Amino acid sequence: MATVKLTNVKKVYGKNVVAVQNFNLEIADKEFIVFVGPSGCGKSTTLRMIAGLEDITDGTVEINGKVVNDLQPKDRNIAMVFQNYALYPHLTVFENMAFALRLLRVPQEMTNESTGKTTYVYSKLSQDEIYKRVTEAAEILGISDLLLRRPRELSGGQRQRVAIGRAMVRDSQVFLMDEPLSNLDAKLRNQMRAEIILLRKKIDTTFIYVTHDQTEAMTLGDRIVIMKDGFIQQVGTPTEVFDMPANLFVAEFIGAPKMNTVPATLVRNGDGYSVEVFGVTLPVEGDKGDQLLQKGVESQSITLGVRPEHMTLTNRNNPYAIPCTLQVNEMMGSELHLHVLAADGTPLIVRVPTVQLTAQQVSSLVAGVRIYVTFQSKVMHFFGSESQLNLLAEQSKEANAASEPQQEQTDEAAKGTASQQWYHN
Amino acid sequence: MTEQETSQQILDFDVDFNAAAANVEIDPPDPNFTQTEQTEFRKRFVDVPRPVSRLVGQRVTNRIANTVIYIVLSIMCIVWLLPFFGIVFESFRCESTGLEGYIFPKKWGFDNYVRLFTDPTSNFLRWFGNTLAMGLITSVVQTAFQLAVSYALSRNRFKGRKFLMNMMLVFGMFPGFLTLILLYTLLSDWNLTMTNAPWGLILIYIASSGMGYYIAKGFFDTISHSLDEAARVDGATQMQIFFKIILPLSKPIVIYTILMGFMAPWGDFVMATFMANNTNNGYNVAAGLQWLLTDSMINDYYTTFCAGGVLVAIPITILFMLLQKYYVAGVTGGAVKG
Amino acid sequence: MKKKKAPDFVTVELRDGSEVNNEEVMLFKMNGVSYLACAPQSQPDEEGREIVLCRRQKRSVNVDELPVGKFPDGGMFWQQLPCGEEQDAVFAEFCRRYEQEAQEKRRKELKAAEYLKLNRWQRFVYKLKAFFCAIPRWFVALFKKIGRFFKNLGLKIADNAVDLWRTFRYGSWSTRVSFLVMGFGNFAHGQWLRGLLFLLMQGAFITYMVLSGAHWLSLFGTLGKVATVEVYDEVLDITIVQHVDNSFKILLYGILTIFFIFAFAYTWRLNVKQCRICDEITRSGKKVKSAKDDLKSIVDDQFHKTLLSLPVFGIVMFTILPIIFMILVAFTNYDYLHDGYNNLFTWVGLENFNSILTFGSGLSVAFGEILAWTLIWAFFATFSNYFLGMFVAMMINKKGIKIKKFWRTILVMTIAIPQFISLLYVSNLFADNGVVNAYLIRWHIIDSPIHFWTDGTLAKIMVLAVNIWVGIPYLMLITTGILMNIPDDLYESSKIDGANGFQQFAKITLPYMLFVTGPYLLNSFISNINNFNVIYLLSEGGPARPDWGQVGGYIAGDTTILITWLFGITTGAEANYKMASVIGILIFVVVSVLSLIVFTIMPSNRREDDFS
């Protein structure tokens, strides 16, 4: 139903605290896009700018090709679900959902026949119409029985549904959700996450979803926008961001437990590559080696990233074995999270499926034992130790902007604001 | 599949779980890792024999403490209620009208109440009417003003907001009586003193009511801002947000403000006495009843004062007790917010 | 026209309510990248402590996730934004200051280690010493603040002037005309409603100034020259005394006129600014707001102005202007002899203040004693009520006490009864020929009546005692709610640690209460300074002390506090308005100094935007 386009969006609080900048993103019709990042990265601010709850300092926001910077929230044809639901405590569920519909005025063109002038007459929705829309939405969400209750009589999950229902009845072009699941307990959160995926099939519209939880982002989004300190770090499908993180931050942010990152040296011998880490030289073969060769990467010190689930246990006879001391063994049932220390004291996490070990081995994994880990070249991620960028990734514009701010542009912008300041003060 | 297998075999691992397990080597623990020792502290200070206090003894002390508390509270109730019983008893005294050295009347009767309404000097009905009118009008307008100011200051961040608040804070530090003389002169120019004093007082109360915005503002501050935002997204104007969302949520504070506005004129005797300037018709109950106790009047009207006091106290107390819940909410909120 | 800018400092509020001030956090730029840097003492010392940048906008930053680098000694800084200029000098300055603060911190840590080893009394002495050592620093901070205020004021004025000049220089012709004819620019841009309002305002102002404003202003310097003239009436063949000037009115309308002039200047500035904004908007090709938009905004984005207009007008007219009037009266000789009508009053400078503050003069003795008693009274009235009220609340709250509601209701009932009734009755109860004395004599406990209200010391004790009687129910109500809010697990944990009832009160209840009700205590101290009702209704300020002399026909007494003194002077037989004003101002000074001190000492606890 609607496309959303953000061009060079910038948000400055007060005089010089910048929350968001260089934000460029095109959201396709009916796409489910997720903004994810640590708290304070500007994701909520961006969402609120799209909603019209915050002024946009610079740049434009377009909905369906129309610039909406100066429009009030109500004129943008959006619906929003708030983190704490923001249900009106004094109204029943029905009235909560009908609130927006009751305020809605539908313009009707009226032509005066004698003069030929066109005027607009605004009319309210009829009670029948409101009843129909609210009950339909309630039906979909399974809250038909609750329509006469007040928010405080509802459980967390039910409130969540009402909040979604309130946004649904408006049948908006864009559906904004600001951390809608963060107030629920873990079990309910998983359940609601699945329901949102189902819901999305029923109400096909453009979704913009903000969360700080990478699991939600991975499971829900068609595309994920990872943000940090007001900059976009990477935009991509869940597979893309997982397999080819643009930089160290994205690599560590996506995936749990977080990726192990260790300083290492990348060595090039003619057309072959190897990595020196913890005194072990691991050959880089297969796809990764080809890619490195394609990019013409030279020998350099790097930060090597390996996800815990990609590490395997081995024995001392393995030429690529890295000896480690086990510190903590977290038994998760289906798998073990082994927190180990490498010889030089670098902490690593290794995720081992329980089925790969014998019962005796599992029980002998206690603090202090010495074990050997290794990993394949296909799971390695190479990051520049200075730039922190993925050596293999296509350098997207956003990632560039994030790490190396374009001097000229910002200079100009600064000048522009300075010269306008006296006039806009 | 085959490709994977081969690459895995190179790197020492096997899809065959038994083989994988066989590959894993776990060396025995490092001896440095085992450590637990009996601490010196526990030996010296914790694990020493000590006398144990018995729960039974505690129970007895508790009972004694409770008894003492009951006694103290009972005495307090008597001390706190004594004056009010005193007033009630003395209002029924028929044998004399002045100050007497006892509380219980020798002759009981409604003489004082009858006198309150019939004696031309006391003019109680007029005073009562004045006060009631003041209370009703003030409570309505003052509530509107206070809520308006508190809402605007709580919800909006506009230019000059801090200035406005500081202004009210600084000018609030001047004693209110300072301006008595000026206000009197002004109001008497507009013929709002003497007989018309109640109207002048209403004007003064209302005009300065915005200064008392603190408590309601504190309450509004606690209402989540996302409600406003949700309403804005739903298409409400600021006015609709105020009337349809915030006000219905603020019932306790609205009632508290109304209650305060209504009760203020019943207790205000300084302004009322001053504005009425010895004009009997312009008094409110406080000014009037206090006037009955001036040196020249007290001997004739002391018991009448008691009767008047009882008649004033009864409706106010009933009203207050009915709305006590809201009063408590208001003062507690105000105290915590400061 | 670029101003040289000092390093950008920002204020950061931490989530836990404490504020990191300008000096400790700064935004600096280096190699085109801005950094928000945090000095050592403002670093998060606990996990997950969040800071809120720029508290208006609720932008929160979790410090744990931000740092991108470390200073040599471990202080963190984090990248915030890229920006234009290189400011290596700023960075150097920051590093210098950083090092300094790091040393300071090390010294403090050493001190903290020493402090932790002290016992209770040593700690008390240590704190006391620290408190007095800090006093000079407050003054320095205060003067710095004042200096900054004036600097900012100057800068603001200069900015405005520059802005005006530029608007005139670059603005459209309609904007330039608006400098003379207000609202013209608005008309030119089709904003007829705003234009009309501006024009009307200008017209009204000019008319007022010509008709009367100029007259009042011209007499403002002298407050009138001639009080009365004798005019010979030919018809009646008598001389009639005619009143000419009225100092009272000159002063009042003079203030009003000055006020109007300021308001007009502001409106004029607003008018120019709006024209400029209209110019800007048209230039950028957008539409200016129409009159219809303006009307809509009254209930929408300008709704707060709609709400504020009437109440603020009332406050300005009936509170602020009268107070300014009375402040000015303190500098005149306005009293019953110079009533401004038959005898004009005029400016006398600081004479009135001299007479009350000069050491040793008759009035200053009275003032000193009354001020002392006012403070003593306020102190005891506040704290006796506070502690006793809390005590009663705790008694009722205690587990195992039954019919809690009954006890509370009885006490609360006494709040409802108008104070003037209960206080007047109690006053008569303890009169020389009152009930209490009569019973005591009848029971042969005393022979002659106790002079509850006519003995100075006894009267003081009595007003304090009766004030406790008045105040306990009120405090009981307030503290009950807060006491119940103290989390139970605090008590349970302390019980496991071995604290007894009293220790629980001293270590948990009291600190919690003091923290939560700190601002309330200050408020109630101030309202006790101005507690007219209790004093006036009980003792009327008596017993009188003729040795202090009279002011305005009113003789102050032992229990007189400043506010009742002020009232007595204003309403006395020889009303002395100038002295009343002086006392009013002095009350203000006392109250504001107290508030300032308390706010400086008090840890900055909750702020209004803490929530949400």
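Visitor: What makes strand 1 (residues 4-13) and strand 2 of chain A a pair?

Guide: Pairing takes at least two bridges found by DSSP. Strand 1 and strand 2 of chain A share seven, in the antiparallel sense, so they qualify as a pair. One of the residues involved is A:V9, whose bridge partner in strand 2 of chain A is A:F23. Bear in mind that this is a predicted model, where local features need pLDDT of at least 70 and side-chain atom pairs pLDDT 80 or more, while totals for chains, interfaces and linings use all residues. Residues are numbered from 1 along each chain as its sequence is written, and chains are lettered from A and ligands numbered from 1 in the order in which they are written.

Visitor: What makes something a strand or a helix here?

Guide: Both are DSSP runs numbered from the N terminus: H or I over at least four residues for a helix, E over at least two for a strand. On that basis chain A has 12 helices and 22 strands.

Visitor: Which strands of the sheet 2-1-4-5 in chain A are called edge strands, and why?

Guide: The four strands of this open sheet pair in the antiparallel sense. Strand 2 (17-27) and strand 5 (66-67) of chain A each pair on one side only, which is what marks them as edges. Helix 1 (residues 43-51) of chain A lies across strand 1, strand 2 and strand 4 (58-63), at about 115° to strand 1. That angle is taken between N-to-C directions on a scale from 0 to 180 degrees, with axes fitted to C-alpha atoms and, for helices, over the stretch in contact.

Visitor: Why is the sheet 6-9-10-3-11-12 of chain A called open?

Guide: Its six strands pair in a mixed sense. Strand 6 and strand 12 of chain A have a single partner strand each, so one side of each has no neighbour in the sheet. From one strand to the next, the twist averages 15°. On the parallel side of things, strand 3 (residues 32-36) and strand 10 (residues 206-211) of chain A share five bridges, and A:V36 stands opposite A:T211.

Visitor: Why is strand 12 of chain A described as largely enclosed?

Guide: A residue is buried if 20 or more other C-beta atoms lie within 10 Å of its own, exposed if 12 or fewer, and partly exposed in between, with C-beta atoms placed from the backbone. All six of the six residues of strand 12 (residues 231-236) of chain A are buried, so the rest of the structure largely encloses it. For the chain as a whole, 41% of the 425 residues of chain A count as buried.

Visitor: What makes strand 11 and strand 12 of chain A a hairpin?

Guide: Strand 11 (residues 223-228) and strand 12 of chain A pair in the antiparallel sense over five bridges, and two residues lie between them. In that turn, A:D229 has a positive phi of about 50°. A:K228 has A:F231 as its bridge partner.

Visitor: What makes a residue such as A:L176 part of a nonpolar core?

Guide: Such a core is a set of buried Ala, Val, Leu, Ile, Met, Phe, Trp, Tyr and Cys residues joined through C-beta atoms within 7 Å. The largest one has 292 residues, and A:L176, B:A272 and C:L566 have the most contacts inside it. Two residues are in contact if their backbone-placed C-beta atoms lie within 7 Å. Apart from neighbours within four places in sequence, the contacts of A:L176 include A:L47, A:I78 and A:I208.

Visitor: Which residues make up the interface of chain A with chain B, by number and class?

Guide: 41 residues of chain A are in contact with 30 residues of chain B. Strand 21 of chain A gives the most to the chain A side, with four residues. That side has 24 nonpolar, 14 polar and three charged residues. In this scheme Ala, Val, Leu, Ile, Met, Phe, Trp, Tyr, Cys and Pro are nonpolar, Asp, Glu, Lys and Arg charged, and the others, Gly among them, polar. Strand 21 of chain A also runs antiparallel to strand 1 (residues 26-27) of chain B, joined by two bridges, so the pair just meets the bridge cut-off. Within it, A:R370 stands opposite B:D27.

Visitor: How many residues do chain C and chain B bring to their contact?

Guide: Chain C brings 75 and chain B brings 74. Helix 8 of chain C gives the most to the chain C side, with 17 residues.
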